[in-house]
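Trainee: I would like to learn how to read helix packing from a model. Could you walk me through a case?

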Amino acid sequence: MIDSKTVGSLMGLFLSASPHNNLLYHQELFCPQFFLSQKTIPFNPSEKIEEQLIEGMDQGMKGDYKGAIRIFSRLIQAYPHYADAYYNRGLARAKLGDKQAAIADYNEAIKINANLAEAYEERGNLWLKLKDKNQAIKDFKKAAELYKKQDNKISYDQAVSYTHLRAHETKANL
């Protein structure tokens, strides 16, 4: 288990990481003001929710995606309205190649927290792998819209570039 002091020291590492760097994380976890975001679990240190989420992320970073899925699944069972657990389980499932299950997890995360831009972006990446460019473009556009509202310029620019690139590829293939 990771204690709260360790969590604080890891903040910079995770906040500067990208979901495309094989890390299972969700930025909002490491900022208490965001952890209380809409339709998520209220912060209650006695329940050690964040420690369980970090334990799952740790398994994912070690490449133990099945172990990460087990941890996130336990969290979901205990807290079925916890978008971060669905999002991270989706990342682990995607790493194992279970695209449909990952999409289902991203769908659930979005249903719980419609402002979770990362879930739209990751789902868009899976739609591309499944050759559904139109659905991918829709997700990238939604991710870009949310990133813009969140003043996340780097992720916004990335989502916009995906949208333009994929739109151009789609037109070229017609």
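Mentor: Happily! Let us begin with one crossing: helix 5 and helix 7 cross in a left-handed way. Keep in mind that this is a predicted model.

Trainee: Which residues of helix 5 and helix 7 make the contact?

Mentor: Helix 5 brings Tyr87, Leu91 and Ala94, while helix 7 offers Glu118, Ala119, Glu122 and Leu126. Sorted by type, the residues of this contact are five nonpolar, no polar and two charged.

Trainee: And how do I describe the geometry of such a pair?

Mentor: Two packed helices are described by the angle between their axes and by the distance between those axes. Here, helix 5 and helix 7 pack at about 20°, and their axes are 11 Å apart. Angles under 35 degrees count as roughly parallel, and helix 5 and helix 7 are therefore roughly parallel to each other.

Trainee: Are helix 6 and helix 7 roughly parallel or roughly antiparallel to each other?

Mentor: Their packing angle is about 155°, with 9 Å between the axes. An angle over 145 counts as roughly antiparallel, so helix 6 and helix 7 are roughly antiparallel. Helix 6, which spans residues 99–112, passes helix 7, residues 117–129, in a left-handed crossing.

Trainee: Which residues of helix 6 and helix 7 meet?

Mentor: From helix 6 come Lys99, Ala102, Ile103, Tyr106, Asn107 and Ile110. Facing them in helix 7 are Ala119, Tyr120, Glu122, Arg123, Leu126, Trp127 and Lys129. The residues of this contact comprise eight nonpolar, one polar and four charged.

Trainee: What about helix 7 with helix 8?

Mentor: Helix 8 covers residues 133–149, and its axis comes within 8 Å of the helix 7 axis, crossing at roughly 160°. That angle makes helix 7 roughly antiparallel to helix 8, and their crossing is left-handed. Among the residues in contact are Tyr120, Arg123, Gly124 and Trp127 of helix 7, and Ala136, Asp139, Phe140 and Tyr147 of helix 8. Taken by type, the residues of the helix 7 and helix 8 contact are nine nonpolar, three polar and six charged.

Trainee: How should I read aromatic rings?

Mentor: A pair of aromatic rings is described by the distance of the centres and the angle of the planes. With centres required to lie within 6.5 Å, the count is one aromatic pair. The pair is Tyr87 with Tyr106: the ring centres are 6.0 Å apart and the planes lie at 45°, so the pair is tilted. Tyr87 sits in helix 5 (residues 83–95) and Tyr106 in helix 6, so this pair links distant parts of the chain, 19 residues apart.

Trainee: Which element has the lowest mean pLDDT, and which the highest?

Mentor: Where pLDDT is low, the predicted coordinates should not be read in detail. Helix 2 (residues 32–35) has the lowest mean among the elements, 30, and helix 6 the highest, 98. Over residues 1–46 the pLDDT is below 50, although the model has 87 contacts for this stretch beyond near neighbours in sequence. Residues 170–174 also stay under 50, with four contacts beyond four places in sequence. For the protein, the mean pLDDT is 74, and 64% of residues reach 70 or more.

Notes:
Residues numbered from 1 in each chain as written. Predicted model: local features only at pLDDT ≥ 70, side-chain atom pairs only at ≥ 80, totals over all residues. Heavy atoms only, no water. pLDDT = per-residue confidence, 0-100. Helix = DSSP H or I, 4+ residues; strand = E, 2+ residues; numbered from the N terminus. Contact = heavy atoms within 4.5 Å. Axes fitted to C-alpha atoms, helices over the stretch in contact; angles between N-to-C directions. Parallel < 35°, antiparallel > 145°, perpendicular 65-115°, else oblique. Left-handed = near helix turned anticlockwise from the far one by under 90°. Nonpolar A, V, L, I, M, F, W, Y, C, P; charged D, E, K, R; others polar. Phe/Tyr/Trp six-rings, centres within 6.5 Å; stacked < 30°, edge-to-face > 60°.
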